[in-house]
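Colleague: Please take me closely through the packing inside this model, and then through the way its parts meet. I would like to know where each statement comes from and what each term means.

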Amino acid sequence: MSTTIRVLYEDNHDWLCQWLRRRLDCSEEALDLAQDTFLRLLRKPDDVPGIKEPRAFLTTVARGLLNDHWRRRSLEQAWLEALAALPVEVAISPENLVSMQQELQQLDAMLATLAPQAREVFVLSQLEGLTYVQIAERTRLSDRTVKRYMAQGFELCLTLLH
């Protein structure tokens, strides 16, 4: 570990955990996301030297991870609701459930490769069932942009299938 990252960790880890705890209302998840924040810095050490405002920098990195966390949680909640809506006679075996969870994790990783607005558009369509017009109104994007983002999302889905 570089000296800069070690000092950044030592000086700010507790503060970052508290910042995350206020947003998550869960100490364990806050600790996990704080750890993930520093792991991200270790993976890209070139981004660390010369930081003038370490807490602002850490907040930016952690906020991105927090957004990913909420997106995953939303996806998991939609999945659980869909499972709960199934009739009892369509019970899913534990093996199929694990397989579907793995596919959802792949889908989440795939969605993470989209630009944030494109990801939001795709999720609004596929998980919330909004029409393109409703998405355009909610996101204040043009119809054409919504269609382009949806095409990007569907293209990624096709790559997942192959």
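Modeller: What follows begins with the largest core and then moves outward to the domains and loops.

This is a predicted model, in which local features need a pLDDT of at least 70 and side-chain atom pairs count only at pLDDT 80 or more, whereas totals for chains, interfaces and linings use all residues. Residues are numbered from 1 along each chain as its sequence is written, and side-chain values rest on heavy atoms, with hydrogens and water left out.

The largest nonpolar core (a set of buried Ala, Val, Leu, Ile, Met, Phe, Trp, Tyr and Cys residues joined through side-chain atoms within 4.5 Å) has 17 residues, and those with the most contacts inside it are Leu16, Leu20, Leu24, Leu33, Phe38, Leu41 and Leu58. Three helices, H1 (3-24), H2 (27-43) and H3 (54-84), each supply at least two residues of this core; helices here are DSSP runs of H or I with at least four residues, strands are E runs of at least two, and both are numbered from the N terminus. H1 gives the largest share of the core, seven residues. A second, separate core holds 15 residues, among them Val121, Ile135, Leu141 and Tyr149. As a general background, nonpolar side chains in soluble globular proteins tend to be buried together.

Two leucines show how the helices meet. If residues up to four places away in sequence are not counted, Leu24 touches Glu29, Ala30, Leu33, Leu66, His69 and Trp70, where contact means heavy atoms within 4.5 Å. Leu66 lies in helix H3 and, with the same exclusion of sequence neighbours, touches Leu20, Arg23, Leu24 and Leu33. Leu66 is classed as buried because its relative accessible area is 6%; buried means under 20%, exposed over 50% and partly exposed in between, with a 1.4 Å probe and protein chains only.

Just beyond this packing, Asp25 sits in the loop between H1 and H2. Its phi is near 60 degrees, a positive value in a residue other than glycine, and Asp25 counts as exposed because its relative accessibility is 72%. Arg140 also has a phi near 60 degrees, again positive and not in a glycine; Arg140 is found in the loop between helix H6 (132-139) and helix H7 (143-161), and at 77% relative accessibility it counts as exposed.

The domain assignment gives domain 1 (3-85) and domain 2 (94-160), with bounds that come from an automatic or database assignment. The C-alpha centres of the two domains lie 23 Å apart, and six residues of domain 1 are in contact with nine residues of domain 2. About 810 Å² is buried between domain 1 and domain 2, with carbon and sulfur atoms giving 74% of that area; buried area is the accessible area (1.4 Å probe) that two parts lose on being put together, summed over both. On the domain 1 side, Arg71, Leu75 and Trp79 lose the most area to domain 2, together 77% of what that side buries. The rule finds zero salt bridges across this interface, a salt bridge being a side-chain nitrogen of Lys or Arg within 4 Å of a carboxyl oxygen of Asp or Glu.
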